[in-house]
Each structure stands twice: as C-alpha cells, then as structure tokens.
Amino acid sequence: MPTRALASIAAAFVSLVSLVAAAEPAAAPAPPPADPSKAEGRFKNIQVLKGYPADDVVPSMQFISASLGVDCDFCHVERAPEKDDKKEKGTARKMMAMTQAINKENFDNPHEVTCVSCHRGAPKPAVIPAIDTGERPHSEPAAAKTAELPAASAVLDKYLQALGGADALSKIASRTQKGKLTGFGPEPVPVDVASKAGLKRLTTVHNPHGENITAVNEHGGWLGNTGRPPRDMTSAESDGAHLDAALLYPSDVKKLFKEFEVKSVDTIDGRKATKLVAKNEDKPPAELWFDEQSGLLVRMMRYVDTPLGTNPTQVDIGDYRDADGVKVPFRWTVARPSGHFTIQIDDSRQNVPVDDASFEKPAAPPPPSPPPS
Ligand code: HEC
Ligand code: HEC
C-alpha cells in the first residue's frame, strides 16, 4: 500500500534524524514535564489509574481497602507504595482492569459492579451461599409510600423551627467547644472545636503524642499533625468538611443544595426519621435524616466518588441542648468503613471572639513540644 510505504519512509527518515540528533551533544529532547495534577505525574508507578486526577489515588486506595477488609500493607511494603514486591498488588491491578471490563461489557454505569460487589469486606469472595442459622437479619419493613411523605420544604422548615428559628440561628456567629473524643485509642482524648458562620471550623484533637488538626475555611481545608507539615485537603475532602461546617450554622440550610427530595421514612435508633436526598450539580448527593417528631437532623451520609467506586461517611448527630435561644448538638459520631469516632462536648460557648487567622493553614509546622524533663 502506498500510504504504508510512505509512512515507513517517513519513519525511517524520523529515526535517521533522531540518530543524527543523538550524535550531537546536548541535543537530547527533555521529557515533557510531568503534570502533578495527574496520578502518574505525582506518583511513581501508576499503570491502571493513569489519566485520573492525582487526588483520586488515595481515596481509591481507601475504597479498595474497605472493599476487601484489609489494611494498606496487604498490598504495599511499608513507606514504598510504588514498589511491586507483593503479589497482592499485582492481583489488585488485574482485578481493577477486570472490573472495568465487566462494567464496560455489561452495564452503562462504570460503577455497577465494584470490588465490594464480589469481595464484601473479605480478600477471598464467597462462592457458596451462607446457611440460615436464625441469626441473619430480616429485611427492613417496606418504606412508606410516596403519597404519605411530607414535602422537602416542610421537613426543612420544621428543622429550622426545632433549632429555634432562622432568625435566632442567624444571630449566632461563632462557637467554641471543649469535649472528649472517643475512638482514636484506648482512652478518650480532649478535643477543642472552634467555628464561625461562613464555613470556618477548626477541630484540634489533643492526642498523647501530639495534636491532630482538621480545619476548613471558605477557600478549602487543611490537615495538621504535630511535627509534620500541614497538608491541603483534596477538593472532595474539603467538600465534606464544608458541608459539616455549614450545618453548624444552618439558618441557610435550604441554600446549601440545589435540590432536596424526600425519599423515605426510616428507623434510626428506634425512632422514625424522614430521609432527604440533597443534590448539587456534578457532586455525589448527600442524604439527611430528620427525626419525625423533634424535626432535628439526626444523621447525614456523604459520599466521595473515586475511579473505582464510592467512599461513604456517616455522621450521627445528637444530644441537642438549648443555648442562647437555639439548639446545639453536643454529640456527633463520624463513621467510615475504616473506623469511627465520637465527639462529646461538655462545654460550649457562643458569640465569643475567634480569630479568623486560626482557620488558615500555618506556613510551617508547629514545633514539637519539648519532652518533659
Ligand atoms: C488490594 C491491594 C491494595 C491495597 C489494600 C492498597 N493498595 Fe495502594 N495500590 C495498589 C495498586 C494496584 C496500585 C497501583 C495502581 C495503578 O497501577 O494504577 C497502588 C498504588 C498506590 C499508591 C501510588 C504509589 C506510587 O507512587 O505509584 C499509593 C500512594 C497507594 N497505593 C497508597 C495506598 C494506601 C494509603 C492504602 C491503604 C489505605 C493502599 N494503597 C491500599 C493496591 C493496593
Ligand atoms: C467479579 C468478582 C470480583 C470483582 C468485581 C473483584 N474481585 Fe478481586 N477477587 C475475586 C475472586 C473470585 C478472587 C479469588 C481468586 C483466587 O482465590 O484465586 C479475588 C481475589 C482478589 C485478590 C487476591 C486476594 C488474596 O487473598 O490473595 C485481590 C488483591 C483482589 N481480588 C482485589 C480486587 C480489587 C482491588 C477489586 C476492585 C478493583 C476486585 N478485586 C474486584 C473476584 C472479584
């Protein structure tokens, strides 16, 4: 074929030129600079996740670990995740490609089948159905029919009323709280939470070995650990933290999402709660449950999409107490597939001065505290 012949002549010419070029010193073309926003640009040995945002790599790994019920070291040698020393890492690469192929060949949705569909929290999927020993949970009673469900705006209005009303809520500009966090270790540890209306929140956990900071402001969020430089949250992490911070000052709750839809009435801790699905464009929806009687928000589920599947976070909210004409939650539990923790507040003050600068990422890590002499 003439075109092919032309092409091979052209190829020969190109290789001749490059040979000549190679003979000349200092003419070797520099490789294009790696794009650090891409997985393969920031990490050393990416084969399957090529082309995805670099920020998606670690959430994908959290998804894999949760799906198989394993820790990172199941596939990785310590401190060198780029190494291919463990055969499980190779198997995981094959499984990622297999799962992509299953979805492509059989479904319209790239996440119809994910690692968790087969693995369900175990490295080896079950191949034989389980025996009914009488302990298997029975299916939930059918959800109420759509006709019996309240309108989303009525549920949100009731929530604002239950909290003291939008007017009273809008008069609360800041809050400082002290309490205990349970779930990070064997003993509860002290925690401080400072927040301000306008998406500012700073949580400082005082662990025995140092401080652990989760902070968010109107631009984004950051995480700090004593002795390590603070790191910026990924955009998905700061979306979640922004939602948490916004719900602390909920007078504008209706503006947080473009669309709310009432889905069902479920049972949470033995009480009926109305479930709303809250949507914004290009983001996974959040789910909010409001106690049918009190009207208060009792649970929120938020989701982070990864190239392999979706990571869930559940926040349970309770122990609402009266303060300055509004109701303030004194307890919340954050649960993920990797574990959970509970913050119980015992001292809460409102409208106290809080410096805006405290929500901004510090330039250098705080110096490690000197060892007791
Ligand atoms: C079941 C196996 C498996 C588990 C568990 C796992 N990973 Fe991975 N990890 C992989 C595979 C496979 C790759 C390579 C992906 C690719 O080629 O695109 C990878 C790549 C990585 C990379 C990129 C390394 C580089 O420089 O190329 C990081 C970072 C990483 N994993 C972190 C983690 C963390 C953190 C955890 C625990 C939360 C974890 N992984 C759990 C299989 C696993
Ligand atoms: C269609 C079902 C299916 C899906 C989807 C699936 N797997 Fe698997 N996976 C299996 C089966 C079956 C085995 C066991 C193979 C064996 O025993 O040799 C396995 C084994 C593995 C192993 C080796 C475990 C060990 O003990 O050595 C890893 C690692 C793994 N899968 C990772 C993944 C990851 C990561 C995903 C998602 C990207 C995934 N799998 C999706 C069916 C699946």
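A residue is taken to be near a molecule when its C-beta atom, placed from the backbone, lies within 6 Å of that molecule. With that cut-off in hand, the tour can start at the ligands of this predicted model.

**Ligand 1**

Select ligand 1 and display what lies around it: 25 residues surround this ligand, and the closest are Phe-43, Met-61, Cys-72, Cys-75 and Glu-82. If you colour the surroundings by element, you will find that helices H3 and H4 each supply at least two residues of the shell, with the largest share, 7 residues, coming from H3. Colouring by residue class instead divides the shell around ligand 1 into 15 nonpolar, 5 polar and 5 charged residues.

**Ligand 2**

Move next to ligand 2, which is surrounded by 17 residues, the closest being Ala-92, Met-95, Cys-115, Cys-118 and Pro-123. Two or more residues of this shell come from each of helix H3 (57-68), helix H4 (87-106) and helix H5 (115-119), and H4 gives the most, with 6 residues. By class, the shell around ligand 2 holds 11 nonpolar, 4 polar and 2 charged residues.

**The whole chain**

Before going on, zoom out to the protein chain, whose secondary structure comes to 8 helices and 13 strands. Of its 373 residues, 21% are buried, and among the contacts with a separation of 6 or more, 45% are between residues 24 or more positions apart.

**The largest nonpolar core**

Now select Tyr-159, Leu-288 and Phe-290, which are the residues with the most contacts inside the largest nonpolar core, a set of 29 residues. At least two residues of this core are supplied by each of helix H6 (152-163), strand S2 (189-196), strand S8 (271-279), strand S9 (286-291), strand S10 (297-305) and strand S12 (326-336), and H6 gives the most to it, with 5 residues. Apart from this core lies another, of 9 residues, among them Leu-199, Leu-202, Val-216 and Met-233.

Which residues is Tyr-159 in contact with, once its neighbours within four places in sequence are left aside? Selecting around Tyr-159 brings up Val-253, Phe-290, Gly-295, Leu-296 and Leu-297.

**From S8 to S12, strand by strand**

Follow the chain through the strands, starting at S8, which runs antiparallel to S9 and is joined to it by 6 bridges. Ala-273 stands opposite Asp-291 in S9, and in the hairpin of S8 and S9, which has 6 residues between the strands, Asp-282 takes a positive phi near 60°. Strand S9 itself is mostly covered, since 5 of its 6 residues are buried.

S9 and S10 are likewise antiparallel, joined by 4 bridges, and here the bridge partner of Phe-290 is Leu-297 in S10. Their hairpin has 5 residues between the strands, and within it Gly-295 takes a positive phi near 85°. Both Leu-297 and Gly-295 will be familiar from the contacts of Tyr-159.

Continue to S10 and strand S11 (residues 310-323), which pair in the antiparallel sense over 7 bridges and are joined by a hairpin through 4 residues. To see one of the pairings, select Tyr-303, whose bridge partner in S11 is Pro-312.

The next pairing, between S11 and S12, is antiparallel with 9 bridges, and in it Tyr-320 stands opposite Pro-329 in S12. At the hairpin of these strands, which has 2 residues between them, look for Asp-324, whose phi is positive and near 55°.

**Helix H8 and Leu-243**

Finally, select residues 235-246, the 12 residues of helix H8: at 1.5 Å a residue they should span 16 Å, and the end C-alpha atoms are 16 Å apart, which agrees. Because 9 of these 12 residues are buried, H8 is largely enclosed by the rest of the structure. The buried residues are Ala-236, Glu-237, Ser-238, Asp-239, Gly-240, Ala-241, Leu-243, Asp-244 and Ala-245.

Why does Leu-243 count as buried? The threshold is 20 or more other C-beta atoms within 10 Å, and Leu-243 counts as buried because it has 22 C-beta neighbours inside that distance of 10 Å. Leaving aside neighbours within four places in sequence, Leu-243 is in contact with Ala-286 and Arg-302. As a last selection, draw the distance from Leu-243 to Leu-256: these residues are 13 residues apart along the chain, and their C-alpha atoms are separated by 8.1 Å.

Technical notes. Residues numbered from 1 in each chain as written. Chains lettered and ligands numbered in written order. Predicted model: local features only at pLDDT ≥ 70, side-chain atom pairs only at ≥ 80, totals over all residues. Expected span 1.5 Å × (residues − 1). Core = buried A, V, L, I, M, F, W, Y, C linked by C-beta atoms within 7 Å. Contact = placed C-beta atoms within 7 Å. Nonpolar A, V, L, I, M, F, W, Y, C, P; charged D, E, K, R; others polar. Pairing = 2+ DSSP bridges.
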